[in-house]
Amino acid sequence: NRFPVFALVRNNNINLENIEHIKIQAILGAVIGLIIIFATILIYYLRDIKYQNSKNKIILNSQPNIVIITNGKEIIDANKQLLKFFPSVKDLEDFKKRYICICYTFEDLEKDDYIINKDYNGKNWVEYIFENQDKNFKVAIKNSKEELRHFSVKTSSAKIDLSVIVTFIDVTNEILQIEKEQNEQRILFQQSKMQFKRVISLEL
């Protein structure tokens, strides 16, 4: 009579061990399944980020103007037009090593509408432009031939992680044309003034 009882207890122990083993396998399976799902989502997410970055880079490089992303202290990213304007630099990293920020290339023309690298009441140059988007600001930068180029500067209407998209539109030809017209008007004025003096002197 003792043997059947012992066999029953033993069978119960075996069944309990099987149940525990099945539980462990189920938990492991669930954990592995969650890891696979998480890894799949992560891969998809990283691919999506890579795709978006590539897409953004294509859009940036398709712009005819210099476009940069900056916090006003250092350059974060830029399109290929920046490297074309500064042919002595190999890539963006090389530009960062040489200049850190594009603002260090701004020439001081001592004009209110020309931005330079200075403190604007506690704001750096890009923050100042960003908060005064109703104004038309310009910067002057020398190219590789030491020729002064004039740019109209516009910022994005929103920030991206404290950084701003800045577009530099070359308006050198327009500026030179305005200066030429102003010089012509000045010459005409001087000529008219001299002519007037001659007429007055003749009448006297």
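**Exercise 1. Bridge partners in β5**

Find the residue of β5 that is the bridge partner of S152, and then describe how β4 and β5 run relative to each other.

*Solution.* Step one is to look up S152 in this predicted model, where its bridge partner in β5 is I169. Step two is to take F151, whose bridge partner in β5 is D170. Step three is to turn to the strands as a whole: β4 covers residues 148–155 and β5 covers residues 164–170, and the two run antiparallel, joined by 5 bridges.

**Exercise 2. From one pair to the whole sheet**

Work out which strand besides β4 pairs with β5, place the strands in their order in the sheet, and explain why β2 and β3 have one side without a neighbour.

*Solution.* As background, the strands of a sheet pair through backbone hydrogen bonds, and they may do so in a parallel or an antiparallel way. Begin with strand β1, residues 66–70, which pairs with β5 in the antiparallel sense over 5 bridges; within this pairing, I66 has F168 of β5 as its bridge partner. Next, write down the full order, β2-β1-β5-β4-β3, which is an open sheet of 5 strands with antiparallel pairing. Because β2 (75–78) and β3 (137–142) stand at the edges and each has a single partner strand, one side of each is left without a neighbour in the sheet. Finally, note that from one strand to the next the twist averages 35°.

**Exercise 3. The order along the sequence**

State how many helices and strands the protein has, and give the pattern that they follow along the sequence.

*Solution.* Counting the elements gives 5 helices and 5 strands. Reading along the sequence then gives the pattern α-β-β-α-α-α-β-β-β-α. A further step is to consider contacts between residues at least 6 apart in sequence, of which 42% join residues at least 24 apart.

**Exercise 4. Buried or exposed?**

Decide whether H150, Q81 and D94 are buried or exposed, taking under 20% relative accessible area as buried, and list what each one touches beyond four places in sequence.

*Solution.* Take H150 to begin with, which is found in strand β4; its relative accessibility is 6%, so H150 counts as buried. Leaving out residues up to four places away in sequence, H150 touches L109, Y114, V139, A140, I169, D170, V171, T172 and I175. The C-alpha atoms of H150 and Y114 are separated by 9.3 Å, while the two residues are 36 residues apart along the chain.

Continue with Q81, which lies in helix α2, residues 80–85. Its relative accessibility is 16%, and therefore Q81 counts as buried. With residues up to four places away again left out, Q81 touches Q63, P64, N65 and I66.

The remaining residue, D94, has its place in helix α3. With a relative accessible area of 12%, D94 is buried, and apart from its neighbours within four places in sequence, D94 is in contact with S88 and V89. To set these residues against the protein as a whole, note that buried residues make up 25% of its 204 residues.

**Exercise 5. Positive phi in a loop**

Determine what phi I100 has and what phi N121 has, and then say where each residue lies and how accessible each one is.

*Solution.* The starting point is that most residues other than glycine have a negative phi. I100 is not a glycine, and yet it has a positive phi of about 65°. N121 is likewise not a glycine and has a positive phi of about 55°. Now locate them: I100 is in the loop between α3 (92–99) and α4 (125–130), and N121 is in the loop between α3 and α4. For the last step, I100 counts as partly exposed at 45% relative accessibility, whereas N121, at 77%, counts as exposed.

**Exercise 6. Lining of a pocket**

Give the volume of the second largest pocket, name its lining residues, and sort the lining by class.

*Solution.* The second largest pocket has a volume of about 150 Å³. Its lining consists of D108, E110, K111, D112, Y114, I115, I116, K118, Y120 and Y128. Sorting this lining by class gives 5 nonpolar and 5 charged residues, with no polar ones. One of the lining residues, Y114, has already appeared in Exercise 4, among the residues that H150 touches.

Note on methods:
Residues are numbered from 1 along each chain as its sequence is written. This is a predicted model: local features need pLDDT of at least 70, side-chain atom pairs count only at pLDDT 80 or more; totals for chains, interfaces and linings use all residues. Side-chain values use heavy atoms; hydrogens and water are left out. On a 1 Å grid over the protein atoms alone, a cavity is a set of points where a 1.4 Å probe fits but cannot get out, and a pocket is an open set with protein on both sides within 12 Å along at least five of seven lines; lining residues have an atom within 4 Å of a point. Grid points are joined across faces, edges and corners, and a volume is the space filled by probe spheres set on the points. Ala, Val, Leu, Ile, Met, Phe, Trp, Tyr, Cys and Pro count as nonpolar, Asp, Glu, Lys and Arg as charged, and the others, Gly among them, as polar. Two strands pair if DSSP finds at least two bridges between them. Helices (H or I, at least four residues) and strands (E, at least two) are DSSP runs, numbered from the N terminus. Axes are lines fitted to C-alpha atoms, for helices over the stretch in contact, and angles run from 0 to 180 degrees between N-to-C directions. Buried means under 20% relative accessible area, exposed over 50%, partly exposed in between (1.4 Å probe, protein chains only). Contact means heavy atoms within 4.5 Å.
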